[in-house]
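Me: I'd like a close look at one part of a structure, with the cut-offs spelled out as we go. Here it is.

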Amino acid sequence: MKVKLSYILGSGIVLMGFLALIFATPLVLLASSPAAITAAIPVRTAYTLNSCASPCTLYATTGTIALPGITNPITFLGYSTSPAAGSATLPGPTIVGTASSPVSVTLVNNLPNSALTGLSFPTLSSQPESTGLATAGTKAYTFTPKAPGTSLYEASLLVAGGKQQVAMGMYGAIVIRPADASKSAYGTGTSSDYNNEAVLVFSELDSNMFTQTSYDFHNYKPNYWLVNGKPYSATTSVIAGSPNAKVLLHYLNAGSLNHSIGSLGLSQTSVIGVDGKALKYSYKMVAETVPAGSSLDVLGTVPSTATIGSLYPVYNAGNHLDDNGILYKSTSPTSTIKYGGMMTFVNVPGTSTSNVTITPGLTNGSSPVTIGATVTDAATGTVGGAELFIDTAPTAASYGTGQPLTLVSGSSYNASYSASALTSGTHTVYVHGKDALGNWGAFASATFVVDKNPPVINGTVTRSNRSCAAGTCTANVTINNATDPTPTSAIVGAEYSVGASAAAAGSGTAFTITKVSTTNNYNTSGSPVAATNGATVWVRVKDAAGNWSAAKSFTM
Amino acid sequence: MPLFRPKIFVNGLRLGVLLLMCAILAGSLSAGQDVSAATTSPKTGLVCTSGPSFSLAAKSGYISLPDGNSSFMWSYGLVTGAAPAGAFQFPGPFLCVNQGDVVSITLKNYLAEDVSMIFPGQTNVMANGVPTAPQFDVNGQLTSLTQVSAAKTTAGPGTITYTFVADHPGTFIYESGTDTEKQVNMGLFGGLVVRPAGHPDYAYGRSDSQFNPANEYAMIMSELDPALHQAVERNIKYDITQQHARYWMLNGRSFPDTIQDNSAPILPKQPYGSMVRLQPYSATANPNPALVRYLNVGALNHPFHPHGNHGRVIGRDGQAFAGPNGEDLSYEKFLVLVGAGQTYDVTYTWTDLDQWNPATNPIPVTLPQQQNLTYKDGVTWYSGSPYLGHQDDLPTGTTSYNQCGEYYQVWHSHALNEAANYDLGFGGMFTLERIDPPTATQTSTGHTCS
């Protein structure tokens with residue numbers, strides 16, 4: 001059992017220090033790392049599928065990972081979509097294929113120290129590489145998966161050192177999509193539809209394996225418990241969800257121990273598939289054991305009561321929630337409790353929308369209003385869009401069908417909205433945004449008034465203080481009992497025209513009026529109206545929404 | 001420390017289970033006595049603390065272990081009128097509620113650091129009226145999976161009230177969500193039983209989950225490394241990668257303490273036994289099975305079985321095994337592997353297949369003469385008769401704990417390293433099944449079981 005690691009890693013240990021120089025900061029983790037450590041605020045970076053769609057080329061090479069409590073990043077062996085040394089990710093990229101279609105994976109051996117390696121796909125293909133590719137060797141593996149599902153790929157155990165290569169990080173997930181291209185684990189009608197998904201590869205790691213030049217597997221004693229190659233305190237893998245959303249979690253165990261994985265607060269958490277096959281009868285559970293080398297497809301539902309920012313832990317139910325054995329508060333009751341180990345969160349991102357404005361807030365619908373809103377996304381930091389609905393906040397099924405708002409600057413969005421089709425009355429605008437992953441957030445709303453009903457001059461229009469010179473007269477006007485029917489808005493202007501019939505509304509000469517206290521009568525308050533002596537003067541009034549009344553006349 | 005040798009057990013099996021019991025139950029054991037008469041708890045079976053409102057206190061205390069050791073523990077004790085500051089017990093009480101109840105649990109904290117409770121399997125849990133959520137400090141470090149009951153100060157204990165609607169029946173774990181790995185290891189855990197609405201004798205809301213309420217049991221499995229407990233008591237550092245469980249517990253006891261009655265006076269802080277008692281199946285007198293609720297709060301999987309009997313696994317984690325149209329997907333299984341953080345509900349029926357009877361259906365072999373039998377230390381639980389409900393003479397000087405001609409079988413984790421107390425067999429995560437004769441047989445033979 002005693003293995004000279006130098007055969008596998010050789011100068012990789014020396015290389016490690018060198019890599020540490022290349023990666024000047026230990027916070028630089030994996031090339032595809034969804035998140036890095038930050039000093040403040042829980043890391044809430046959105047999970048992204050580190051995928052390599054078939055045909056996929058994987059380079060077997062080295063990578064580094066920073067572990068809390070270990071000064072230098074440790075160097076592991078893994079897979080990368082890049083040929084660059086040090087670019088491997090832990091776990092390797094997720095190979096994505098489609099059921100009943102050939103999957104093609106090309107392996108390039110860029111391992112250091114002339115190590116041989118090969119690939120195996122234990123649940124999918126019975127032909128693991130047995131000889132091993134020499135340095136720079138290339139081999140294409142092709143197979144046609146019969147059914148959708150999730151399984152592991154790993155370094156071929158038949159090649160010398162293969163077992164150690166797996167223990168040192170040479171593994172990853174394969175997700176086979178259903179042939180019907182539906183957004184489901186197993187196809188339309190299989191009750192496996194989901195809104196968001198994540199591949200969660202669980203493993204444990206004995207850091208001594210990586211830092212000692214020789215390691216005896218009899219001494220295997222894991223001290224780090226990883227989700228997608230990271231302990232909780234190093235990074236937080238976060239999975240997007242929204243209220244009522246279904247989250248598909250592909251659990252895979254690439255470690256050597258069995259891990260029971262539990263969740264807290266999610267509802268309807270069900271195992272819908274095992275080892276790359278759909279279950280005929282799914283079953284609900286709180287925690288389920290993922291045996292070493294096994295995989296489960298788990299479907300959870302974000303509770304309807306979730307709010308933006310809700311976090312639902314997914315964690316090792318055997319409570320491996322430490323890094324390197326350190327229990328915080330074990331030395332001093334006043335020290336900060338810290339968590340580590342095998343844990344991540346299902347996160348409810350969704351965007352936060354506020355400050356909905358409608359300009360103008362009162363319109364007769366003849367010209368568009370401008371609807372603005374502030375849309376932010378705390379979880380992912382990136383807003384993927386915003387939309388508005390009028391009068392009814394729709395159900396989730398209609399999300400994405402509203403009128404889009406466009407980004408103005410920063411977090412300000414607006415849209416020009418035509419209210420011409422709306423009836424008179426108060427209307428509500430609902431605005432919400434979606435994050436970069438397409439999760440729609442909660443609505444914010446504001447109201448505005450559409451007033452298409454013109455004011456009415458119920459009484460007469462009379463003149464006073466007439467003054468004539470050379471046949472042309474000026475006079476003040478009194479408009480008696482002018483009102484505005486529901487929705488009531490103020491009478492704010494007037495115009496007049498002279499002639500046998502009234503000029504078209506809005507084309508007359510404007511004059512200012514003032515409401516007479518306690519009455520509905522209005523008097524000229526600025527310049528008087530002017531007309532030929534004896535001419536017919538037509539007067540209209542206008543409400544705040546811009547509607548003109550019918551004209552009434554008086555004789556100058 | 002001498003290594004536990006599974007060989008002892010294997011050899012014992014060859015001698016037959018009854019003789020095995022003679023061998024392993026000798027010694028300091030004083031079980032079988034009616035030691036719980038002073039309490040109101042049933043002698044065996046699930047001891048429910050009924051809700052839906054509960055008042056608990058996180059406290060420290062000491063438990064005793066079968067080898068004479070004791071261990072410093074943290075646990076959830078019950079606050080009562082007689083014990084307003086909470087009475088330490090281990091594990092926490094089994095909280096029993098009905099489906100639909102609004103469960104309210106107030107947790108006072110008498111420990112020097114924050115503690116909390118999480119309820120895996122429940123949704124929409126509230127803490128002091130607001131949704132529970134993971135807690136972070138100003139540096140973004142996770143401090144707790146849920147809101148905490150603050151450490152005790154000079155002003156008094158911290159307090160918090162958790163509420164949730166018990167919306168589906170089943171067996172659930174509650175445990176600390178703060179510094180979880182340490183605090184759960186220290187003993188902050190317990191069980192929650194939600195009974196289906198209107199059917200206290202069903203495990204789930206379906207008639208095929210009916211069980212005999214007189215034979216309802218719960219076994220909460222945990223592991224104990226004394227080094228962790230000493231480190232916490234002495235406030236020194238503990239490296240949990242060095243964890244080595246020395247005690248393997250059912251309901252907070254290790255064998256043979258597990259077969260002591262509930263509330264046995266010799267275990268004043270460990271009120272819950274796990275002896276399983278049942279009577280043979282009878283379509284008329286005893287039609288419904290026993291129900292055993294397994295809960296695993298430890299870090300390891302524990303493979304459980306009684307000898308001689310399959311169980312019917314009817315559900316897990318608070319979910320009946322049922323298809324989308326209510327199909328019965330329960331299954332018979334001999335060994336139930338209970339993973340960390342999981343619960344299993346299993347029904348057991350003991351069927352007297354052969355109906356041996358000394359008068360009407362004698363065992364067709366020559367029985368060993370009693371003078372040819374010896375019992376280790378002169379002590380046995382054997383009745384002297386192989387016939388259920390019958391007792392017979394034993395060799396002179398032999399003491400029998402047998403009460404009414406009952407049978408015993410072992411019931412245990414078959415990870416046999418766990419059948420040990422501080423690495424020394426026999427002990428650990430191990431209990432007994434006691435098959436009492438049918439009531440009619442007791443009447444006819446005059447050997448009444450109590």
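How many bridges join strand β4 of chain B to strand β12 of chain B, and do they run parallel or antiparallel?

Reply: Happy to walk through it. A word on the source first: this is a predicted model, in which local features need pLDDT of at least 70 and side-chain atom pairs count only at pLDDT 80 or more, while totals for chains, interfaces and linings use all residues. Residues are numbered from 1 along each chain as its sequence is written, and chains are lettered from A and ligands numbered from 1 in the order in which they are written.

Now to your strands. β4 (residues 94-98) and β12 (residues 189-195) of chain B are joined by four bridges and run parallel. Strands here are DSSP runs of E with at least two residues, helices are runs of H or I with at least four, and both are numbered from the N terminus. Two strands pair if DSSP finds at least two bridges between them. Within this pair, Asn98(B) stands opposite Arg195(B) of β12(B).

The pair sits in an open sheet of four strands in chain B, ordered β1-β4-β12-β11, with mixed pairing. At its edges are β1 (48-50) and β11 (170-175) of chain B, each pairing on one side only. On average, neighbouring strands of this sheet are turned by 35° against each other, direction ignored; the axes are lines fitted to C-alpha atoms, for helices over the stretch in contact, and angles run from 0 to 180 degrees between N-to-C directions.

For comparison, chain B also holds an open sheet of five strands in the order β15-β26-β25-β17-β21, again with mixed pairing. Its edge strands are β15 (276-278) and β21 (336-338) of chain B, and the average turn between neighbours is 20°, direction ignored. Inside it, β17 (residues 302-306) and β25 (residues 407-413) of chain B pair in the antiparallel sense over three bridges, and Phe304(B) stands opposite Ser413(B) in β25(B).

Next, a helix of chain B. In α4 (residues 226-234), Leu228(B), His229(B), Ala231(B) and Val232(B) are buried, a label that needs 20 or more other C-beta atoms within 10 Å of a residue's own; 12 or fewer means exposed, anything in between partly exposed, and C-beta atoms are placed from the backbone. These buried residues cover an arc of only 160° around the axis, which puts them on the same side of α4(B); the arc is that of the directions from the helix axis to the C-beta atoms. They pack against β3 (70-78) and α3 (180-186) of chain B, where contact means C-beta atoms, placed from the backbone, within 7 Å. Just after α4(B), Asn235(B) takes a positive phi of about 60°.

Both α3 and α4 also take part in the contact between the chains, to which chain B gives 48 residues and chain A 41 residues. On the side of chain B that touches chain A, β9 (142-144), α3 and α4 each supply at least two residues, and α3(B) gives the largest share, four residues.

Finally, the setting. Chain B has five helices and 26 strands. Its radius of gyration is 23 Å, close to the 22 Å that the globule rule gives for 450 residues, so chain B is as compact as a globular protein of that length; the radius is taken over C-alpha atoms, and the rule is 2.2 Å times the number of residues to the power 0.38. Of the 450 residues, 51% count as buried.

Definitions and conventions. Contact = placed C-beta atoms within 7 Å.
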